[in-house]
Amino acid sequence: MKTKLTSIIGFHIGFILITLWLWPAVGAQAIPIAQALPVGSADILRNFALGQVTHGSRVVTAPSLDYQWPESITYTSVIGSGAEEVLDKLFDVEFKYRLINPVDTVTGYVYLYDTEDNLLFYGIANFTAADLEKGKPQYNIWMQEIPLTGLKDIESAEVLAIDEKGQTARRYPLNIKNGHPLFPPWMAGAPNGIMVIRSKDGLLTRYDLSNPVTETPGTTTEGESAWKIDGHYVFGKFNCPVGTCSSPATVTVKITELWTRPTVLLRFTEGQIIIFDVMGFVQNQGGTNFERPFGFRLEQVNGPLAGGGILSTTESTQVSLPTSGDYRIYFEWKEFGESGTLYTGPEFPEKSEVISTSVTIP
């Protein structure tokens with residue numbers, strides 16, 4: 001049974017979400033198919049990038065090109081909608097120039113950009129005046145790093161390369177421009193690639209490049225702090241004495257960490273309910289998962305209360321404390337964030353000793 005693609009509707013919920021409607025036979029209902037970031041393969045990324053092009057330029061140069069010739073036309077720039085329209089406009093302009101040495105090689109360049117002046121495509125052609133008599137030069141154009149514009153206000157991004165044991169073998173940091181990650185085309189669809197995106201508000205998302213749909217709920221850091229200590233989270237208002245600020249009935253301590261075991265400073269008001277929803281990223285036994293801590297430890301700031309409690313390792317846990325105050329908290333883990341061993345080898349490599357041997361031939 002043949003199908004026909006009839007419409008594409010896109011919207012953003014923290015990341016790009018594209019809904020494709022496939023229409024089967026007449027009278028049947030449309031089937032929505034959800035697909036996330038356009039990094040599942042090189043053609044999907046290219047298809048996305050082609051539509052992002054809004055303007056471009058073309059220029060030619062040569063060692064003996066006469067730039068002072070008043071009739072010279074060696075550069076043009078245009079605007080348009082999509083790569084194809086921009087390229088057509090660029091190559092509709094007929095260049096004219098004078099070569100002092102007609103044997104010189106002429107090099108042409110073409111550049112395609114998006115609305116934020118990110119270079120999406122780059123092309124080049126080399127030819128001589130004699131080649132032009134035989135036909136038009138052929139420009140080869142390549143896709144560059146593509147900004148994932150659906151991801152905004154990004155602080156950092158990286159791709160983890162997973163080896164055959166399921167462990168992280170390499171980490172590739174991605175460039176960030178205007179708050180968007182720049183994605184290299186050669187990584188698209190890699191079956192052993194995991195992209196990790198951290199936004200400026202603390203949201204952490206994870207995507208398998210072969211199936212780039214977010215696998216965990218996003219996490220944000222609550223509060224209005226103007227500072228951020230790596231791995232540390234603050235919950236509550238600390239600009240007024242305990243008990244004088246209005247406080248919510250429920251405080252959700254929601255944290256997802258990739259490498260660092262988190263710590264928490266929490267302002268608690270008697271009668272409040274605390275919900276611990278804390279996870280850490282773990283890779284083992286050829287797979288990846290998110291571990292929850294099995295317990296927590298706390299100390300009251302400027303107070304006598306200290307102790308801890310048990311947490312569920314399968315879901316969030318509801319906790320209540322006996323008295324109001326500020327508390328410092330850390331968590332107890334089974335595998336996440338284990339410390340590495342210290343280097344115990346020599347300070348400097350030892351020089352190799354050269355052993356001289358002699359052989360007597362009878």
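Visitor: What makes strand 4 and strand 5 a pair?

Guide: Two strands count as paired if DSSP finds at least two bridges between them; strand 4 (residues 55-61) and strand 5 are joined by 5 bridges, so the criterion is met, and they run antiparallel. Within this pairing, R58 stands opposite T76 in strand 5. This is a predicted model, in which local features need pLDDT of at least 70, side-chain atom pairs count only at pLDDT 80 or more, and totals for chains, interfaces and linings use all residues. Residues are numbered from 1 along each chain as its sequence is written, and side-chain values use heavy atoms, with hydrogens and water left out.

Visitor: Why are strand 5 and strand 8 said to stand at the edges?

Guide: The open sheet has 5 strands in the order 5-4-6-7-8, with antiparallel pairing. Strand 5 (75-79) and strand 8 (140-143) each have a single partner strand, so one side of each lacks a neighbour in the sheet. Neighbouring strands of this sheet are turned by 15° against each other on average, direction ignored.

Visitor: How do you know that helix 1 packs on the sheet?

Guide: Contact means heavy atoms within 4.5 Å, and helix 1 (residues 42-52) touches strand 6 (106-113), strand 7 (119-127) and strand 8. The direction of helix 1 makes about 90° with that of strand 7, where axes are lines fitted to C-alpha atoms, for helices over the stretch in contact, and angles run from 0 to 180 degrees between N-to-C directions.

Visitor: What share of the protein chain is called buried?

Guide: Buried means under 20% relative accessible area (1.4 Å probe, protein chains only); such residues make up 37% of the 362 residues in the protein chain.

Note on methods: Buried < 20%, exposed > 50% of the residue type's maximum accessible area, 1.4 Å probe, protein only. Helix = DSSP H or I, 4+ residues; strand = E, 2+ residues; numbered from the N terminus.
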